[in-house]
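Student: Could you walk me through this one while I have it open? I'd like to go over the strands, then the ligand, then a single residue.
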Amino acid sequence: MPLRNHNILIVGGSSGIGLATAHVALAEGAQIVIASRTPEKARALLGNQIETVALDMAQEEQVKAFFENYNGIFDHLLVSSGMPGNVAVLEENTAEARQTFDLKYWGSYYIAKYGIPRLSERGSLTFIAGVVPFKVMAATGTMAAINFAQVALARTLALEVAPRRVNVVAPGIADTPAWEKIPAQERETFFSSLANQLPVGKVGDPEDIAKSVLFLMKNTYMTGTVLHVDGGQPLI
Ligand SMILES: NC(=O)c1ccc[n+]([C@@H]2O[C@H](COP(=O)([O-])OP(=O)(O)OC[C@H]3O[C@@H](n4cnc5c(N)ncnc54)[C@H](OP(=O)(O)O)[C@@H]3O)[C@@H](O)[C@H]2O)c1
């Protein structure tokens, strides 16, 4: 199998899309390193099959030190972390908007900047962006800007660090722990209402997105691209 014994770093691999990617990649024989602020969650779920690293990707010095001290080469890097931030601009707390940018955009930038020197020449880097800004919706301005910024960074890096490949997955709504801060009943109503509108008739599972990440890791003819895995949300 193409990922057998490949060394994959998943930043944000302790939950949701990152964790699902760890599961499917392990099933293909990959070696997985999970980095997040509290990676022991992943250790509890996946045991000794994985290595874990405590890392806050919004902290440049931490990211730099991790890669400088890492004694090895990665075949693939995935960045799958960020916090939801759906607030209308006029109501948004500017400091929180900046914090969201610091984590998701600047964190992705730090992983690229310090991680690519530790990435094999035929390796790949994948960012998880999101369906916004490809489906314009109220109260998504900051997240849309961040996602677009990730796409711009990825497309530029695809030229700058070739032959390494750099791609983006843009998921629609996926049922992950990120949504658990919304009360269960409200969340269920939101998911079922969206599922009824989407052409595919369901919201995404983390595995739907994880399989797309693996597709990009394995397909050596894809770089600088955005893979939309959104149940057709931009169509409605
Ligand atoms: N779920 C969706 O509907 C959806 C839709 C579109 C896009 N996305 C995007 O997909 C990505 C993953 O989302 P998810 O739904 O899988 O979320 P999730 O289940 O909440 O997982 C987020 C992961 O990010 C890690 N993380 C958070 N802050 C971090 C930091 N400062 N440094 C390192 N790791 C950090 C968390 O681990 P720790 O808490 O241990 O740090 C966790 O492993 C995000 O970028 C999100 O914007 C999600």
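Student: Which residue in E3 does Ser36 stand opposite?
Tutor: In this predicted model, Ser36 stands opposite Ala54, which belongs to strand E3, residues 50-54. Strands E2 and E3 pair in the parallel sense, and 5 bridges hold that pairing.

Student: What links E2 and E3 along the chain?
Tutor: Helix H2, residues 40-46, is the helical part of that unit, and together with E2 and E3 it makes a right-handed β-α-β unit.

Student: And how many bridges join E1 to E2?
Tutor: Strand E1, residues 7-11, is joined to E2 by 5 bridges, with the two strands running parallel. Within that pairing, Asn7 stands opposite Gln31 of E2. A right-handed β-α-β unit is made here too, from E1, helix H1 (residues 16-27) and E2.

Student: Why is E2 described as largely enclosed?
Tutor: Strand E2 spans residues 31-36, and 5 of its 6 residues are buried, so the rest of the structure largely encloses this strand. Buried here means a relative accessible area under 20%.

Student: Switching to the ligand: which residues come nearest?
Tutor: There are 29 residues around the ligand, and those that come nearest are Ser14, Ser15, Ser36, Thr38 and Thr176. As for secondary structure elements, H1 and helix H4 (94-115) each supply at least two residues of the surrounding shell.

Student: Ser36 again, then. What is the distance from its side chain to the ligand oxygen?
Tutor: An N or O atom in the side chain of Ser36 is 2.7 Å from an oxygen atom of the ligand. Lys104 also has a polar side-chain atom by a ligand oxygen, at 2.9 Å, whereas for Asp56 the polar side-chain atom lies 2.8 Å from a nitrogen atom of the ligand.

Student: How much of the ligand's area does the protein bury?
Tutor: The protein buries 90% of the 890 Å² that the ligand exposes when taken alone.

Student: Last topic, Ser124: buried or exposed?
Tutor: Ser124, which is found in strand E5 (residues 119-128), has a relative accessible area of 1%, and it counts as buried because that value is under 20%.

Student: What does its side chain make a polar contact with?
Tutor: The side chains of Ser124 and His76 are joined by a polar contact of 2.7 Å. Leaving aside residues up to four places away in sequence, Ser124 touches Asp75, His76, Leu77, Leu119, Arg165 and Met217.

Note on methods. Residues are numbered from 1 along each chain as its sequence is written. This is a predicted model: local features need pLDDT of at least 70, side-chain atom pairs count only at pLDDT 80 or more; totals for chains, interfaces and linings use all residues. Side-chain values use heavy atoms; hydrogens and water are left out. Helices (H or I, at least four residues) and strands (E, at least two) are DSSP runs, numbered from the N terminus. Buried means under 20% relative accessible area, exposed over 50%, partly exposed in between (1.4 Å probe, protein chains only). A polar contact is a pair of N or O atoms within 3.5 Å; within protein, one must be able to donate a hydrogen and the other to accept it, and residues adjacent in sequence count only if both atoms are side-chain atoms. Contact means heavy atoms within 4.5 Å. Two strands pair if DSSP finds at least two bridges between them. A crossover is right-handed if, with the strands pointing away from the viewer, the path from the first strand over the helix to the second runs clockwise. A residue is near a molecule or strand if one of its heavy atoms lies within 4 Å of it. Accessible areas come from the Shrake-Rupley method with a 1.4 Å probe; for residues, only the protein chains shown count as cover.
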